[in-house]
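Me: Please take a close look at one part of this model, the nonpolar core, and then follow the chain outwards from there. I would like a connected account, with the cut-offs stated where the terms come in.

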Amino acid sequence: MDRNTQRNVSRNDGGTTVPAAVPLPSNTADTPPSIRQKLINLLPPATLLGVVLIWMLVPRELSSNPWAIVIAAFTTSFFLLGLEQVFERHESWRINRREFLTDLFYMVLMYTAVGWAVELLADGPLYALKSQLGLATPWIAQLPFVVQVALVILLIEFGQYWMHRAMHDIYPLWLTHAPHHYITQLNAMKGFVGNPIELFLISLSVVALFDFDLVALFCAINVLGVISGFAHANIASNPPLFYSYIFTTIRHHSLHHTALSYEDTRCNYGNSLILMDRIFGTYREGESEIVGQDDRRRWSIYEQFMFPFQPLIDRFSKGRDKGSSTN
Ligand SMILES: [Zn+2]
Ligand SMILES: [Zn+2]
């Protein structure tokens, strides 16, 4: 199968049976949710509140340590993985050893190599440019903590929305993003799974141009990770409208991962703020249990790393074959 032509077609003909990814109705049942389900539905907003409070209350000498954000990101991700064990959404998404180790590999990659690359090639130069131009926004650090967190989230998410949308519209960018869409089940750490070029591109932001308080910046990054974590997690939580109108949920994002067709993935781009899709006209209602693309074959890490270079590799090998056949 030619993987490079999958953009515009639904490949349900690859030999493997691909069950239809039928968007499910909102909140799945007409009967009102039980008290237990209502409490489960409140898990994402309650966790967000808890995360913000912890960042506000922990002494600064601890929260401003560069390792604080790494520890917080891993702790919250493992918390969500724990919730998956108790409040499972779909048995077909149940995590196994292979999925867990793959996800963990990508999360470590994000906080090491990708993070360093972003610092070296993007945030560092942007910060140097800011100093050179004499740009200073000290008033930002004086704003209330929660306002700064909200501003960072808005800045990052605005960029991520358009980058993600461009990845679905522009073929070379799609080549970097496609591996994220070939994952065949969703879990709390799946937001980190993707080609390293995509992980780099999606991490770009203009936040370095502003003088945000470091702890507010860490808190915002942690909050974004938690929202995106819940939006990929196998947790049977459907948060109420006060949350799901603004923040991306697993319902929105599972529909973005639908295996129905490539075209059906072109909605709900907001990684953490579904509000962006509501504003820019790409919001779609529904959810999907069946996720993946084409024949829903699971890709290895090697395939995920090499996919953007596949057209070049194919061209090179075709040229070599032609060369050898004429000899
Ligand atoms: Zn996408
Ligand atoms: Zn995703």
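## The core and its surroundings

Reply: Of the contacts in the chain with a separation of 6 or more, 81% are accounted for by residues 24 or more positions apart, where two residues are in contact if their C-beta atoms, placed from the backbone, lie within 7 Å. The model is predicted, so local features need pLDDT of at least 70 and side-chain atom pairs count only at pLDDT 80 or more, whereas totals for chains, interfaces and linings use all residues. Residues are numbered from 1 along each chain as its sequence is written, and chains are lettered from A and ligands numbered from 1 in the order in which they are written.

The chain has 14 helices and 0 strands, these elements being DSSP runs numbered from the N terminus (H or I over at least four residues for a helix, E over at least two for a strand). Of its 327 residues, 37% count as buried, a residue being buried if 20 or more other C-beta atoms lie within 10 Å of its own, exposed if 12 or fewer, and partly exposed in between.

The largest nonpolar core has 57 residues, and those with the most contacts inside it are Cys219, Val223 and Phe230; such a core is a set of buried Ala, Val, Leu, Ile, Met, Phe, Trp, Tyr and Cys residues joined through C-beta atoms within 7 Å. Two or more residues of this core come from each of α2 (43-57), α4 (66-86), α5 (97-132), α6 (145-169), α7 (171-181), α8 (196-202) and α9 (214-232). The greatest contribution is that of α9, with 11 residues. Leaving out residues up to four places away in sequence, Cys219 touches Val52, Trp55 and Val149.

Two helix pairs show how α9 is packed. The axes of α2 and α9 come within 10 Å and cross at roughly 160°, the axes being lines fitted to C-alpha atoms over the stretch in contact, with angles running from 0 to 180 degrees between N-to-C directions. The two helices are therefore roughly antiparallel, since angles over 145 degrees count as roughly antiparallel, those under 35 as roughly parallel, 65 to 115 as roughly perpendicular and the rest as oblique. Their crossing is right-handed. On the α2 side the contact is made by Pro44, Thr47, Leu48, Val51, Val52 and Trp55, and on the α9 side by Val215, Phe218, Cys219, Asn222, Val223, Val226 and Phe230. By class, this contact has 11 nonpolar, 2 polar and no charged residues, with Ala, Val, Leu, Ile, Met, Phe, Trp, Tyr, Cys and Pro counted as nonpolar, Asp, Glu, Lys and Arg as charged, and the others, Gly among them, as polar.

The second pair is α6 and α9, which pack at an angle of about 55° with their axes 8 Å apart and are therefore oblique to each other. This crossing is also right-handed, a crossing being right-handed if the near helix is turned clockwise from the far one by less than a right angle, and left-handed if anticlockwise. Here Phe145, Gln148, Val149, Val152, Ile153 and Ile156 in α6 meet Ala216, Leu217, Cys219, Ala220, Val223 and Leu224 in α9. These residues divide into 11 nonpolar, 1 polar and no charged.

Another contributor to the core, α7, has Leu175, Thr176, His177, Ala178, Pro179, His180 and His181 as its buried residues, and what covers them includes α6, α8 and α13. Pro308, in the loop between α13 and α14 (310-326), is in contact with Leu175, Thr176, Asn195 and Ile197, leaving aside its neighbours within four places in sequence. Pro308 is itself buried, with 20 other C-beta atoms within 10 Å. It is 130 residues from Ala178 in sequence, yet the two are 8.5 Å apart in space, C-alpha to C-alpha.

Two further loop residues have backbone angles that deserve notice. Most residues other than glycine have a negative phi. Asn268, in the loop between α11 (250-256) and α12 (275-280), has a phi near 50°, and with 28 C-beta neighbours inside 10 Å it counts as buried. Arg296, in the loop between α12 and α13 (301-306), has a phi near 60° and is buried, with 21 other C-beta atoms within 10 Å. Gly286 also lies in the loop between α12 and α13, but with 18 C-beta neighbours inside 10 Å it counts as partly exposed.
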